[in-house]
Amino acid sequence: MNIVVCVKQIPDPAAPQSLEAGTNTLDRSGKLILDDSDAYGVEMALQLAEQAGGGEVTLVSMAPNGETAGLRTALAMGAAKAILVSDDALKGSDALSTAKVLAAAIKRANADLVIAATESSDGYTGTTPVQIAEILGLPSITFAKSVAIEGTSVKVDRQTEAGYDEVTAPLPALVTVTAGVVEPRYPSFKGIMAAKSKPVETLSVADLGLDASQVGALGGRQSITSVDEAEARNAGEVVVDEGDGAQRIVTFLENLKVI
Ligand SMILES: Cc1cc2nc3c(=O)[nH]c(=O)nc-3n(C[C@H](O)[C@H](O)[C@H](O)COP(=O)(O)OP(=O)(O)OC[C@H]3O[C@@H](n4cnc5c(N)ncnc54)[C@H](O)[C@@H]3O)c2cc1C
């Protein structure tokens with residue numbers, strides 16, 4: 001069972017963020033880390049490969065400046081190798097042009113299953129994985145809360161507002177997983193050391209056989225016209241319990257119509 005996991009490397013959400021000078025896009029020039037959302041996909045892939053009794057987990061990422069820090073974290077968890085697409089021509093990529101690049105990279109990996117997160121933590125259009133599936137002509141199942149391989153099919157419990165649907169697709173297929181599908185493992189010291197020597201193939205746009213006019217700002221269909229400050233959160237209400245605390249909580253929840 002060969003599984004590809006799409007792994008986005010993002011600016012550390014705990015660090016202050018800024019926009020790239022003269023643009024409305026996030027400054028991604030500093031160190032990038034593994035998006036937490038993708039740790040679930042990596043763990044799911046490792047477990048499925050283990051259950052299948054063989055095969056490899058390959059990571060695919062598109063990131064600027066040849067960044068591999070986030071990939072090394074996922075390799076330390078147990079993935080076998082990685083493909084990184086990094087090229088100045090990718091600057092200004094929107095979700096569709098990102099999907100074109102990732103799809104071209106995934107084609108090289110001969111995957112039975114492609115896993116991605118439902119949405120990333122920094123951009124979160126939530127559209128990239130299904131666009132990859134469309135480009136590759138694969139069936140896709142989104143919002144997986146559990147994934148199992150049954151013969152030549154993948155069976156997914158797909159989270160819905162009301163509960164979940166049981167959905168099956170023939171392999172090869174693409175599945176997006178939600179946080180909570182599995183508990184990601186922490187990389188062990190041995191894993192971290194091993195990750196340093198695992199292969200990371202770095203490719204340019206030309207290596208993928210794509211034309212520079214199809215990717216980056218040239219191939220993008222979206223542009224960010226303005227960016228606004230997020231609304232400041234209002235201070236919460238502090239309730240001091242003077243014997244009526246429980247009742248006040250009940251009243252508060254009733255007013256919100258949640259009970
Ligand atoms: C108008 C516009 C301009 C942009 N300009 C730039 C830019 O100049 N430089 C830049 O670096 N980025 C830029 N981006 C962001 C970048 O192209 C994003 O990777 C892409 O838009 C998809 O991100 P998302 O967060 O919406 O993915 P989502 O669809 O929310 O992601 C879902 C999942 O898809 C997978 N995935 C998504 N992106 C990647 C990736 N890059 N590598 C591997 N897996 C991935 C992950 O599993 C992720 O969790 C821009 C985006 C837009 C919309």
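This is a chat about one predicted model, its strands, its core and the shell around its ligand.

Trainee: What kind of model is this, and how are residues numbered?
Mentor: The model is predicted; local features need pLDDT of at least 70, side-chain atom pairs count only at pLDDT 80 or more, and totals for chains, interfaces and linings use all residues. Residues are numbered from 1 along each chain as its sequence is written.

Trainee: How many helices and strands does the chain have?
Mentor: Seven helices and eleven strands. Both are DSSP runs numbered from the N terminus: helices are H or I with at least four residues, strands are E with at least two.

Trainee: What percentage of the residues is buried?
Mentor: Of the 259 residues in the chain, 37% are buried. A residue is buried if 20 or more other C-beta atoms lie within 10 Å of its own, exposed if 12 or fewer, and partly exposed in between, with C-beta atoms placed from the backbone.

Trainee: Now strand 4. How many of its residues are buried?
Mentor: Six of the six residues in strand 4, residues 57-62, are buried.

Trainee: Which residues sit on which side?
Mentor: Val57, Leu59 and Ser61 are on one side, and Thr58, Val60 and Met62 are on the other. Both faces are covered. In a regular strand the side chains alternate between the two faces of the sheet.

Trainee: Which strands are joined to strand 4?
Mentor: Strand 1, residues 3-6, runs parallel to strand 4 and is joined to it by four bridges. Strand 5, residues 81-85, is also parallel to strand 4, with five bridges between them. For two strands to count as paired, DSSP must find at least two bridges between them.

Trainee: Which residues face each other there?
Mentor: Val5 stands opposite Leu59, and Met62 has Val85 in strand 5 as its bridge partner.

Trainee: What links strand 4 to strand 5 in the β-α-β unit, and which hand is it?
Mentor: Helix 2, residues 69-77, and the unit is right-handed. That is, with the strands pointing away from the viewer, the path from the first strand over the helix to the second runs clockwise.

Trainee: Back to Val5. What does it touch?
Mentor: Leaving aside neighbours within four places in sequence, Val5 is in contact with residues including Asp38, Val42, Val57, Leu59 and Ile115. Contact means C-beta atoms, placed from the backbone, within 7 Å.

Trainee: And the largest nonpolar core, how many residues is that?
Mentor: The core has 65 residues, and Val5 and Val175 have the most contacts inside it. Helix 1, residues 36-52, gives the most to this core, with eight residues. Such a core is a set of buried Ala, Val, Leu, Ile, Met, Phe, Trp, Tyr and Cys residues joined through C-beta atoms within 7 Å.

Trainee: New topic: which residues come nearest to the ligand?
Mentor: Ala117, Ser120, Gly123, Thr125 and Thr128, out of 34 residues around it. A residue is near if its C-beta atom, placed from the backbone, lies within 6 Å.

Trainee: Which element gives the largest share of that shell?
Mentor: Helix 3, with three residues.

Trainee: Last one: why does helix 7 lie largely in the open?
Mentor: Helix 7 covers residues 245-255, and zero of its eleven residues are buried, so it lies largely in the open. Lys257 follows helix 7 and has a positive phi, near 60°.

Key: Two residues are in contact if their C-beta atoms, placed from the backbone, lie within 7 Å.
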